[in-house]
Amino acid sequence: MGQLKLENACKSFGTVDVIRDVNLEVKDGEFCVFVGPSGCGKSTLLRMIAGLEDISSGDILIDGQVVNTTPPSQREIAMVFQSYALYPHLNVRDNMGLGLKQAGQPKAQVAQSVDRAAEMLDLSAYLTRRPGELSGGQRQRVAIGRAIVRKPKLFLFDEPLSNLDAALRVQTRIEIANLHRELGATIVYVTHDQVEAMTLADRIVVLRDGRIEQVGAPMELYNNPANEFVAGFIGSPKMNFLNASALGAPGKSVGVRPEHITLSDSGAGIDGRVSHVEHLGGETLVYINADPHGLVTVRLFGEHAYSVNDRLIMRPDMARAFHFDDNGQRLHPTPA
Amino acid sequence: MSNPITSARGNLGRTAAAHVILIAYTILALYPVFLILINSVKQRRAIFNDPLALPTAETFDPIGFQTVLEQGNFLLYFQNSMIVTVVSLFFVLLFGAMAAFALAEYRFRGNLLMGLYLALGIMIPIRLGTVAILEIMVAAGLVNTLTSLVLVYTAQGLPLAVFILQEFMRQVSDDLKNAARIDGLSEYRIFFTIALPLVRPAMATVAVFTMIPIWNDLWFPLILAPGEATKTLTLGSQIFLGQYVTDWNAVLAALSLAIFPVVVLYLIFSRQLIRGITKGAVK
């Protein structure tokens, strides 16, 4: 219960194509995250699945049924919005129960469903409050509760954590992950934050300019990116792209993750000068200027006493490097 | 960095100055109303001898109010004015908000043109069409009915209402409307239960702007509904203004009485300007 399938889904506003030929299958119980830079069409795609935007061509199937023209309320989906979108004039209980009431469920049953969801989300004490009397985190939990209550086939999350502060974001992220385990529900989740994508997803869909760049499990994308864009987008801090010809490597650029470079004072390697150091306690990020590669980020475990303008030698782990051609596509050079 | 104490004092000075200006303006604006009120309870001779003086025990005389309440169907006029104003206001707000919602919410061909067309009435006074309106009303058999006035005033108030409310309807969160759609609310319920409460302050503003010209209008009652049974307050008061003799006591008393309903309506709407309820919906 809760499969989603997109077949050649396209969407255009006038002459502008925002979603181009998207094919995707989300399995029952899967946590699927759409990730991409702003303007890549991920929110539009989610709204198309919800039925809030119509589909220009192609098909959307939920549990094998084409729902292209089905109104949102009959698609058996629930959506959580970035701005919470709670009804300001209703209290928490009515906010959560409105969908069921609208579907004609008996009062007692609605109350029961709301109580159960409220308990799950630690909201039982706030059921009679209005949204205006709640904190940001509580409001977001009410919005999630409103989705749970409806027992949908498909949960849709549209950047639900963007309005929360950093600490609350981590906490709510864990709550969402737990919720997914408890409910075993199919979730489609949109975010521009690759950390959220990595930590939550069973499968990540990387989008750019309305196209799917790559689909895969988080570690698959990390260890085996299909192209330069995905390689740069997944992983934090961002992957370094070194000049291939300067290293005598094939293609245009060599992608090396900041954690796969070691530093030393002497010996063979890439010569550079420290331009900035960030001490984070558990790890140290060193930014090094090296011609012709530009600014290279190096991530070191633990504390290191480098200072600006130090001269250092970098040694990238070439066994874990990725090679990309002029078009940013991955090259798989045969090991010599 | 400025010293917080001196800057607080500076603020205090500025606040005081602002209040002095506002109070002065209030006095200036309300003084004519005040004059009407005090002269309405004075003897005719006292009105002319010293119009600015307050009524004293000697000059006090409620003859104006007696005349007004005894002569003519003052209560009926009052009722007519009230019916016309409230019903017109209701339609202006209802249709204005509906049109504004549609223009702001739905993408359809000619959306922009339709918006401009509806706003055209702000620039063209409806009185230019008086002759045509009278012809229509005669043809429809609506002369000397309150319906004719309600229709004209609704048309008169709509352009500004649509224009102002459209802007506010755009500010209603899309997420909120979409959440309601997913919850299965119809577009009408989204309009009435979500959008309308959120634009209530704007509705109150529009109501005040719309109400006052309707209440004060003399033109259309005189032309469309001059019959005794459909006279409005403004028209009814005219009987005291003669070509040669004017019963000033009665005129001033009638005007004083006419002020109160407007004040009451204004108080009702201004309470709606408090926006507390919109808090916490989004973000």
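Helices and strands here are DSSP runs, with at least four residues for a helix (H or I) and at least two for a strand (E), numbered from the N terminus.

**Figure 1. Chain A as a whole, with its 9 helices and 19 strands.** Welcome to the overview, which shows a predicted model. Along the principal axes, the C-alpha atoms of chain A occupy a box of roughly 75 × 45 × 35 Å. The chain has 336 residues, and 40% of them count as buried. If we take the contacts between residues at least 6 apart in sequence, 64% of these link residues at least 24 apart.

**Figure 2. Domain 1 and domain 2 of chain A, side by side in one view.** The domain assignment puts domain 1 at residues 4-230 and domain 2 at residues 240-331. Their centres, taken over C-alpha atoms, are 37 Å apart. Where the two meet, 5 residues of domain 1 are in contact with 8 residues of domain 2. On the domain 1 side of this meeting place, the residues fall into 3 nonpolar, 1 polar and 1 charged.

**Figure 3. The stretch of chain A that UniProt annotates as "domain: ABC transporter".** In the UniProt record, an unreviewed entry, this feature covers residues 4-234. Helix makes up 37% of the span and strand 26%. If you look for the two ends of residues 4-234, you will find their C-alpha atoms 24 Å apart.

**Figure 4. An open sheet of 6 strands in chain A.** Reading across the sheet, the strand order is 6-7-8-3-9-10, and the pairing is mixed. Strand 6 (77-80) and strand 10 (211-216) are the edge strands; each has a single partner strand, so one side of each has no neighbour in the sheet. From one strand to the next, the twist averages 20°. As a reminder for the next view, strands of a sheet pair through backbone hydrogen bonds, in either a parallel or an antiparallel way.

**Figure 5. Strand 6 of chain A, its partner strand 7 and helix 4.** Let us move in on one edge of the sheet, where strand 6 stands. Strand 6 pairs with strand 7 (residues 154-158) in the parallel sense, over 4 bridges. To pick out one bridge, find A:I77 and then its partner in strand 7, A:L154. Helix 4 (residues 136-149) lies across both strand 6 and strand 7. The helix runs at about 175° to strand 6.

Definitions and conventions:
Residues numbered from 1 in each chain as written. Chains lettered and ligands numbered in written order. Predicted model: local features only at pLDDT ≥ 70, side-chain atom pairs only at ≥ 80, totals over all residues. Domains from an automatic or database assignment. Contact = placed C-beta atoms within 7 Å. Nonpolar A, V, L, I, M, F, W, Y, C, P; charged D, E, K, R; others polar. UniProt positions renumbered as here; feature names shortened; annotations may be inferred. Pairing = 2+ DSSP bridges. Axes fitted to C-alpha atoms, helices over the stretch in contact; angles between N-to-C directions. Buried ≥ 20, exposed ≤ 12 C-beta atoms within 10 Å, placed from the backbone.
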